[in-house]
Amino acid sequence: MSSPTLLEFDRARKKFKITLEKSLSNNDVENLLGYVEGYKDEIGLEKRTVLDQVFRDILCQLITNISESSKLKTVITFAILAVKQDMCSPSTPFLMMADIFDMLTIKRCEEIFDLVEDNVTTWKSEPFYESGKNYLLRMCNDLIRRLSKSQNTVFCGRIQLFLSRLFPLSEKSALNLASQFNMENVTIYTKQKKSNSGETNEVMEVDDTGDQSSAVPIDYHLYKKFWALQDFFRRPTQCYDKSQWETFSLNASDVMSIFSSYKLDDLSSTQKKVITSQQSHQHAQNFFAKYLTSEKLLNLQLNDSNFRRYVLVQFLIIFQYLKATVKFKAQTHTLTEEQSEWIKDAQEKVTKLLSETPPHGEQFCNSVKHILDREEHWNNWKNDSCPNFIKEKPKDQLKPKAKPKRKRIGDDLMATNGKSLKLGNPELTRLWNLNPDNMEAAKAESRVFLPKLDDFFANAIEQADPEAMVEEQYKDINQQNFQWKAYRLLARSSPHFFVHTNTPGLPINVHLKDIVDKMAKEINPHHQTVEPKTEIAEQKTEMAVGDEDDIKEDHEEDEMRNENDDSNVQQQMSSSQIRLIAENVGSKWIALGEKLGLPPDDLTYFKDSFDGATESAINMLTVWQEEDTERDSIGTIKETLIELGLGKLVELLSSSS
């Protein structure tokens, strides 16, 4: 038998659904919101949960029914307004949009995506951003995976622009923290060109299109060298290998020599035929995300100014990367002096070729330089662990304003400029004007009533002499009044009287006896003392409390020891220790990241960006440690590993340090 809650949920669901359908037909969201707000039931049902389900139900109907698909934008708008009125969960609009883009064709998705773009301000506001940013990121990534980079170039660009507007610049999910390259961008070309007889053609066949008088002589060797450069542009780290560097430098020099030998002019870089407005508009809609690598097209491509610019800009980009300091570069990824000199000369040559390539070569070259300068700043920002762009207020502004100094009693009556103040009584006037400054008057030597140590302990020293034959019970050191005054005087005489030592606690009378004996020896070196035969006297150690110099030395040694201890507290993990943890933590690296306080977005980024749990864990621990260099990384890691039940890994980590 159904429960009352379930029955009431179904009843409210049907009523809300009917009201939502009517509101969609009339495009009247106020009717829906008013009905939901005024709806009452017997058990106090959560109306937000019901409305969330109703929106999903109506959305499924609209998607399956093509004739009503035009209302998809309207129902999403209704859900957004319901969230603003706190009648719907903040995640509902994002779940609905995810369902739409999962079930519709790419063409329909492109038509509806303007709803996502137009509401970017709404998505960045509360309460949408925190609850929906992950949904939007996942939805856009799923869309990009479905799209073709060559056929849906515009749609891909719209999605990327939307994400750049949605997330701040410091959002780590889009920063490529580890500086990875797109290895899937492979350029396919003919690796071997043979004739019918099986021998390689020295001169390749070209189309008879255009003026061949300025054509570049193309053979298979030049063709192979030219397109082989694309693999270096795709993965620049190959250039740090000696053999690969020789191949790259040789091919690059040959291509730059061809560009220098056969320069273009304005006539050869533009079409000589008159293009109609219709043809021009049709040409503007064509986008090619990849090069065409046919052997017969290379001659035309090398004589095209835009194509030359593409290749020359690629040279400048790889030169900048090879010289730049990147945090995630391996130690072996360094250039020799000879390689650096070659890159410098090649960079100057490419820049000159770029400025000589029409049209507007100088202007285009300056724009490229500006873009590369911005890229260098971006790389430096990433090397600094991506600090926040929002400038913090100076510490002086953060501190509360100091309160005005409170006047002390008597400041108003203080004598100034040599004038005496009359207080209405001759004796009071005399006393007040003895000193113009009250604090200085209180510090006068005549106001010091503290006795000297020798004078205060003189009687106790005499009693300590065995020849005085004073019984123990009558000695001052055994009187509570004398003990209290003596300790007060010792504390005032030396700021290092109360210090931390490893000496066991002694009774007050025994401690004072040691002090009196030492003072007696300083006055009379031949003074002899009789040690009491007690267990306490046998256990006590020599303690120079009265000697202020010895106490200072002990205090300084304690401070130095504490400083040395503090210097060893803050420890950072080495790269070998990070790899040791990553290789042994296994699939628990995500749980380790959660314990260390890393946001879920960062963990998702590391999981999707790296192959295998080990690489993901290495990059996660590296970024985590660099976020706070003053953190005790090893201590925090050990505590976290113990919480995860990885005590053996803690032992391995301790033995490796």
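How many helices and how many strands does the protein have? In this predicted model, the count comes to 31 helices and 0 strands. Of the 657 residues, 35% count as buried. Looking at contacts with a sequence separation of 6 or more, 71% of them come from residues 24 or more positions apart.

Start with the nonpolar interior. The largest nonpolar core takes in 57 residues, and the members that touch the most others are F55, W123 and F162. Setting aside residues up to four places away in sequence, F55 touches L20, L32, V75, F78 and A79, and also A82, C88, T92 and M96. Another core, this one of 40 residues, lies apart from the largest one; F226, C239, F259 and L312 are among its members.

F226 leads on to helix α10, where it is one of the buried residues. Helix α10 covers residues 220-234, and its end C-alpha atoms sit 22 Å apart; that agrees with expectation, because 15 residues at 1.5 Å a residue should span 21 Å. As 11 of those 15 residues are buried, α10 is largely enclosed by the rest of the structure. The buried set runs through Y220, L222, Y223, F226, W227, A228, L229, Q230, F232, F233 and R234, so polar names such as Q230 and R234 turn up in it too. What do these buried residues of α10 pack against? Their partners are α11 (242-261), α13 (298-302) and α14 (305-323).

Helix α22 shows a two-sided arrangement. Spanning residues 480-493, α22 has 14 residues and reaches 20 Å from its first C-alpha to its last, close to the 20 Å expected at 1.5 Å a residue. Its buried residues are F482, Q483, A486, L489 and L490. They cover an arc of only 135° around the axis, which means that they fall on the same side of α22. Q480, N481, W484, R488 and R492 are exposed on the other side. As a general point, an α-helix has 3.6 residues a turn, so residues three or four places apart point the same way.

Helix α31 (residues 647-656) can be read in a similar manner, with L649, V650 and L653 buried. Here the arc around the axis is only 105°, so these residues share the same side of α31. The face turned away from that buried side carries K648, E651 and S655, which are exposed. As for partners, the buried residues of α31 pack against α26 (575-585) and α30 (633-643).

On a smaller scale, there is L163, which lies in helix α9 (residues 153-166). Is L163 buried or exposed? Its relative accessibility is 11%, and a residue under 20% is called buried, so L163 counts as buried. Leaving out neighbours within four places in sequence, L163 is in contact with L137 and C140. N141 is 22 residues from L163 in sequence, and their C-alpha atoms are 9.9 Å apart in space.

Finally, the empty space. The structure holds 4 cavities of 30 Å³ or more, and the largest contains about 90 Å³ of space. Which residues line the largest cavity? The lining is made up of K172, L177, K327, F328, K382, S385, C386, V623, E626 and E627. Helix α29 (residues 612-627) gives the most to this lining, with 3 residues.

Conventions
Residues are numbered from 1 along each chain as its sequence is written. This is a predicted model: local features need pLDDT of at least 70, side-chain atom pairs count only at pLDDT 80 or more; totals for chains, interfaces and linings use all residues. Side-chain values use heavy atoms; hydrogens and water are left out. A nonpolar core is a set of buried Ala, Val, Leu, Ile, Met, Phe, Trp, Tyr and Cys residues joined through side-chain atoms within 4.5 Å. Buried means under 20% relative accessible area, exposed over 50%, partly exposed in between (1.4 Å probe, protein chains only). Contact means heavy atoms within 4.5 Å. Helices (H or I, at least four residues) and strands (E, at least two) are DSSP runs, numbered from the N terminus. The expected span of a helix is 1.5 Å times one less than its number of residues. The arc is that of the directions from the helix axis to the C-beta atoms. On a 1 Å grid over the protein atoms alone, a cavity is a set of points where a 1.4 Å probe fits but cannot get out, and a pocket is an open set with protein on both sides within 12 Å along at least five of seven lines; lining residues have an atom within 4 Å of a point. Grid points are joined across faces, edges and corners, and a volume is the space filled by probe spheres set on the points.
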